[in-house]
There are 2 protein chains.
Amino acid sequence: MSSPAAQQPSPQLFFQTINAYQRTEGLKAAIELEAFTAIGEGNTTAPEIAKRCGASERGTRILCDFLCIMGFLNKDGSRYSLTPDSAMFLDKRSPAYLGGAIEFISSPMITESFKNFTEVVRKGGTTMTDGGTIAPENPIWVKFARAMAPMMALPAQLTAKLVDPTADRKLKILDIAAGHGLYGLAFAKNNSQASVVALDWPNVLEVAKENARNAGVAERYSTIEGSAFDVDFGAGYDLILLTNFLHHFDPPTNEVLLRKVYAALAEGGRAVTLEFVPNEDRISPPDAAAFSVTMLGSTPSGDAYTFPELESMFTNAGFSRSEIHRLPPSIQQAVISQK
Amino acid sequence: MSSPAAQQPSPQLFFQTINAYQRTEGLKAAIELEAFTAIGEGNTTAPEIAKRCGASERGTRILCDFLCIMGFLNKDGSRYSLTPDSAMFLDKRSPAYLGGAIEFISSPMITESFKNFTEVVRKGGTTMTDGGTIAPENPIWVKFARAMAPMMALPAQLTAKLVDPTADRKLKILDIAAGHGLYGLAFAKNNSQASVVALDWPNVLEVAKENARNAGVAERYSTIEGSAFDVDFGAGYDLILLTNFLHHFDPPTNEVLLRKVYAALAEGGRAVTLEFVPNEDRISPPDAAAFSVTMLGSTPSGDAYTFPELESMFTNAGFSRSEIHRLPPSIQQAVISQK
């Protein structure tokens, strides 16, 4: 008796995965050629899209079919249309356009280590010299600050509302590794009595200051230039933000930083951490858990930490308690730790 | 009223896809480190697997978690185990081991064009010089013949049973672009009165002849060296096999070849084509349809053809009728065309 077809062994997952890199490159090409924008503008057949994108008809037809297979487009006869998510995030004319994020996510600084990932696994950390993405004044973070800002607006706003729901009292906030500055700026926009000190490399802070001016809160915005591990934070902060920062380092390194954070907080102050937080099984939810792979490839000893791991780092640094909050639809979570 | 979370716009697919290349590299690393074999041998925790693979514990733990997320492993507490498919296809000790296929599927000859896929889409074909994979005597095909043979055994056997179910009469078979030779050899093993002429580049035929000797059918196996477009086929064949060949070329080129195939067949002879055949929508089934992307990247004008397109090429070349057959569990299909 033979097993039903569905239960026969199949190499399908092997082939899909070994070719998964084509998905990345297909999406990048579509963004670079502005195929989503072309379709949003009303070009719906392969010849029309090809003309608008300055590309061959054959290449455009195969690319658009691939985008349908991947779920970025719909197809009706020979006409392509944007899915709601593609219209929102991949049409350049949308305020929520994310296509620019490929300048960071797909930059060699992130992808380079994956060209010899076997060696990365052997070594247990990035094979890039000088610590990969955490090298001092790495220009990748200017790219990050410019490319990733659009996708940070929503989680930043959700975080500010979560942490400062009443927005009715004076707050002194330190935004560590501020990058684009959007997290601190969301607090400043949420509460007119909030003042923000942003800390990052000087070249990155230029982007944050530009965003502060655009947000109309420049008079409540100041900066500290340098490494969070080296510079003096000042003191008396009500809130210290650690957004997408702890994942770059190992727990002992984080604890050194967190003791410094603890010391800089006022009594009753809180540290606010935003992270990809996998469950304790470390394999769910899949996107948050898989972030550990990016950290393995691009840092010497970073990781996607579970909540008990984060909690333990904060406890070891002196904090009295930590609690975790979901921020749907973001896959990231906020950990609030009390001095 | 706000929409339920599930229906909120989400950039999840964008991020999963832009990072999909990490899936490819994670799987390749696991194969190169023999992680699946290590687990099959009974090493089930990250430290045990790391030791067996000569890799760091941290890298191994993150890699194995990633393999769970991708569906190649299961995890119970801190113990990893192989899925049935991984045990069958990715443990080196399995006779159906496919890991060697990465030597072809992930070779630069296939992947190189995807490093600038935007340019490929603009141009409408491979950006590699000399026609990419279809360059004369390209050594990639020796690699193909060695690396891909293990995964061809089953579809080859299914094809032989489909085309020659009674196996009770003398058959003269031409195997065009024979590669590893497994398709022709399956017919020879299925029917002791079948003799096979294998056609390919001389360096590739060495692999086919080796496989013919191993299959014990060398005395019914002969070869023609050269390009299928140039050499004399001989005549009077009952069957001519075109397995994974037509997808490299455009329809007019294929029709030139098929007229030559038609002429070389005996009256009542049949051409047997094995291909990735998408439905007429060109976006389903997904794996067969997505094969067009590999052809766009690696050939000047190849494609994954629909059945009506294949049928039309055969009709234009003089064939009276073509019919298509599924070959589960293979995702490829067989087209049988009657002279």
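Helices in these legends are DSSP runs of H or I with at least four residues, numbered from the N terminus. All views are taken from a predicted model.

**View 1. A:Ala145 in helix α10 of chain A.** The residue at the centre of this view, A:Ala145, belongs to the helix that spans residues 140-163 of chain A. With a relative accessible area of 1%, A:Ala145 is classed as buried, because that value falls under 20%. Once residues up to four places away in sequence are set aside, the contacts of A:Ala145 are A:Gly179, A:His180, A:Val204 and A:Val207. A further reference point is A:Phe245, which is separated from A:Ala145 by 100 residues in sequence and by 13 Å in space, taken from C-alpha to C-alpha.

**View 2. A:Asn43 in the loop between α3 and α4 of chain A.** The loop that holds A:Asn43 connects α3 (35-40) with α4 (46-53) of chain A. A:Asn43 has a relative accessible area of 19% and therefore counts as buried, the cut-off being under 20%. Its side chain reaches back to the backbone oxygen of A:Ala38, at 2.8 Å. When neighbours within four places in sequence are left aside, A:Asn43 is in contact with A:Ala38, A:Glu48, A:Ile49 and A:Arg52.

**View 3. The salt bridge of A:Glu34 with A:Arg52.** In this pair, the closest N and O atoms are 3.3 Å apart. The two residues are 18 apart in the chain and link distant parts of it, A:Glu34 lying in the loop between α2 (20-32) and α3 of chain A, and A:Arg52 in helix α4. A:Glu34 is partly exposed, with a relative accessible area of 24%, and A:Arg52 is likewise partly exposed, with 29%. A:Arg52 also appears in View 2, where it is one of the contacts of A:Asn43.

**View 4. The salt bridge of A:Asp65 with A:Lys75.** Here the closest N and O atoms are 2.7 Å apart. The pair joins helix α5 (residues 57-70) of chain A, which holds A:Asp65, to strand β1 (residues 73-76) of chain A, which holds A:Lys75, and the partners are ten residues apart. A:Asp65 is buried, with a relative accessible area of 3%, whereas A:Lys75, at 22%, counts as partly exposed.

**View 5. The salt bridge of B:Glu210 with B:Arg146.** The side chains of these two residues of chain B meet at 3.4 Å, N to O. B:Glu210 lies in helix α12 (residues 202-214) and B:Arg146 in helix α10 (residues 140-163) of chain B, so that this salt bridge links parts of the chain that are distant, 64 residues apart. Both partners are partly exposed, B:Glu210 with a relative accessible area of 30% and B:Arg146 with one of 47%. For context in chain A, salt bridges that share partners join A:Glu34, A:Glu41, A:Arg52 and A:Lys92 into one network. Over all chains of the structure, a search finds 30 salt bridges.

**View 6. The interface of chain B and chain A.** In this view, 81 residues of chain B are in contact with 81 residues of chain A. The two chains bury about 6800 Å² between them, of which 67% is on carbon and sulfur atoms. In chain B, the residues that lose the most area to chain A are B:Phe14, B:Tyr21 and B:Arg58, which together account for 10% of what that side buries.

**View 7. Polar pairs and helices on the side of chain B that touches chain A.** Two salt bridges are counted between chain B and chain A. In a salt bridge across these chains, the side chains of B:Asp303 and A:Arg61 meet at 2.7 Å, N to O. The rule for polar contacts finds 32 residue pairs across the interface, both residues of each pair being at pLDDT 80 or more. Several helices of chain B each supply at least two residues of the side that touches chain A, among them α1 (12-18), α5 (57-70), α9 (117-123) and α14 (286-298). The largest share of that side, twelve residues, comes from α2(B). By residue class, the side of chain B that touches chain A divides into 42 nonpolar, 24 polar and 15 charged residues.

**View 8. The two domains of chain A.** Chain A is divided into domain 1, covering 5-97, and domain 2, covering 108-338. The C-alpha centres of these two domains lie 33 Å apart.

Definitions and conventions: Residues numbered from 1 in each chain as written. Chains lettered and ligands numbered in written order. Predicted model: local features only at pLDDT ≥ 70, side-chain atom pairs only at ≥ 80, totals over all residues. Heavy atoms only, no water. Contact = heavy atoms within 4.5 Å. Buried area = accessible area lost by both parts, 1.4 Å probe. Salt bridge = Lys/Arg side-chain N within 4 Å of Asp/Glu carboxyl O. Polar contact = N/O pair within 3.5 Å; in protein donor to acceptor, adjacent residues only side chain to side chain. Nonpolar A, V, L, I, M, F, W, Y, C, P; charged D, E, K, R; others polar. Buried < 20%, exposed > 50% of the residue type's maximum accessible area, 1.4 Å probe, protein only. Domains from an automatic or database assignment.
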